[in-house]
Amino acid sequence: MLAGYTEDATKHLKALKALGLIENEVSTSKPEPLLDRLQRVFTAPGDLVLEPLGTAADLAAVALKSDRRFVTLLGGTDHDRKVAASCAVPRLKACVDGKDQALEEQLPSTKVVEGSYLPYAGGRGFVMAELGPIIATLSEGDDLPDLSEQAIAMSDSDLAAAILSSEGYLDDGTLAMYATSIAGAGRARFLGPAEFLTPEFASKIASEVRDGDIGPLTVFYFRSTDDLEEADFEGQLVLRRVPFDILRPEAI
């Protein structure tokens, strides 16, 4: 079998449902062998593939099984969320847990045949993220961005989480803790809108840089005193003023 058939994809999801691994199947699902064939033609292991209409996470599952990185967009409507929770997400969890294999042996009544899907022994993983509100806007003719109305209305903790995650850091929701880069390349600290970054405060933060940290610590702040000089902390801190210095690729 070179590419499989749509009915194979349906039987595959029905088998996962019968085993209690997903709650619902999607009738528009595409066969894994077909997606795998296309993926191998156009990508190499380690490449990043995009699935813009992820409904059942077909391409994501194939990418996970074949050593590709992936981004799957699952939609934001109530229906999209329901499908994601009942099919796409648990399907990917089944892959990671090594439960998406030997289906034809476990459930012969579903008529899943060998070669109609990609058996996977498990491993790797995935991260789920939800698109949040707009943080900053840049109006036509302006050189610098402004905080959006949604961001201004946020609590300090929500604003911290929004800014840190948009810059590639994972925050635990408390302003007292540091955030870690998703890519593992460093850490960041967030100072709320009411706090001033002074040279003394910056020195204190710099003294808390841990041995073994990869690169300088990134500090996101809103206000500083006039005598703060970024050059004084070169190699220890990278200072990012919100909103003027956010959303820059080199900050991640």
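Is Val-62 buried or exposed? In this predicted model, Val-62 has 0% relative accessibility and therefore counts as buried. Val-62 is found in helix H3. Beyond its neighbours within four places in sequence, Val-62 is in contact with Glu-32, Leu-35, Asp-36, Gln-39 and Leu-118. Pro-31 lies 31 residues from Val-62 along the chain, yet the two C-alpha atoms are separated by 9.6 Å.

Helix H3 spans residues 58-65, and helix H4 spans residues 78-96. Two packed helices are described by the angle between their axes and the distance between the axes. For H3 and H4, the axes come within 10 Å. They cross at roughly 15°. Because angles under 35 degrees count as roughly parallel, H3 is roughly parallel to H4. The crossing of H3 and H4 is right-handed. On the H3 side, the contact involves Asp-58, Ala-60, Ala-61, Leu-64 and Lys-65. On the H4 side, Arg-91, Leu-92, Cys-95 and Val-96 take part. By class, the residues of this contact are six nonpolar, three charged and no polar.

The largest nonpolar core has 17 residues. Leu-159, Ile-163, Leu-164, Phe-190, Phe-220 and Ile-246 have the most contacts inside this core. Two elements, helix H7 (156-166) and strand E7 (187-190), give two or more residues to it. The largest share, five residues, comes from H7. Apart from this core lies another, of 15 residues. Its members include Leu-35, Ala-57, Ala-63 and Leu-92. In soluble globular proteins, nonpolar side chains tend to be buried together.

Which residues of H7 are buried? They are Leu-159, Ala-160, Ala-162, Ile-163 and Leu-164. The cover over these buried residues includes helix H6 (149-152) and strand E5 (169-170). Strand E6 (179-181), E7 and strand E9 (217-221) are also among the covering elements. Within H7, Ile-163 was examined for contacts beyond its neighbours within four places in sequence. Ile-163 is in contact with three phenylalanines, Phe-190, Phe-220 and Phe-222. Ile-135, Val-242 and Ile-246 are also in contact with Ile-163. Just after H7, Gly-168 takes a positive phi of about 95°.

Terms used
Residues are numbered from 1 along each chain as its sequence is written. This is a predicted model: local features need pLDDT of at least 70, side-chain atom pairs count only at pLDDT 80 or more; totals for chains, interfaces and linings use all residues. Side-chain values use heavy atoms; hydrogens and water are left out. A nonpolar core is a set of buried Ala, Val, Leu, Ile, Met, Phe, Trp, Tyr and Cys residues joined through side-chain atoms within 4.5 Å. Buried means under 20% relative accessible area, exposed over 50%, partly exposed in between (1.4 Å probe, protein chains only). Helices (H or I, at least four residues) and strands (E, at least two) are DSSP runs, numbered from the N terminus. Contact means heavy atoms within 4.5 Å. Axes are lines fitted to C-alpha atoms, for helices over the stretch in contact, and angles run from 0 to 180 degrees between N-to-C directions. Angles under 35 degrees count as roughly parallel, over 145 as roughly antiparallel, 65 to 115 as roughly perpendicular and the rest as oblique. A crossing is left-handed if the near helix is turned anticlockwise from the far one by less than a right angle, and right-handed if clockwise. Ala, Val, Leu, Ile, Met, Phe, Trp, Tyr, Cys and Pro count as nonpolar, Asp, Glu, Lys and Arg as charged, and the others, Gly among them, as polar.
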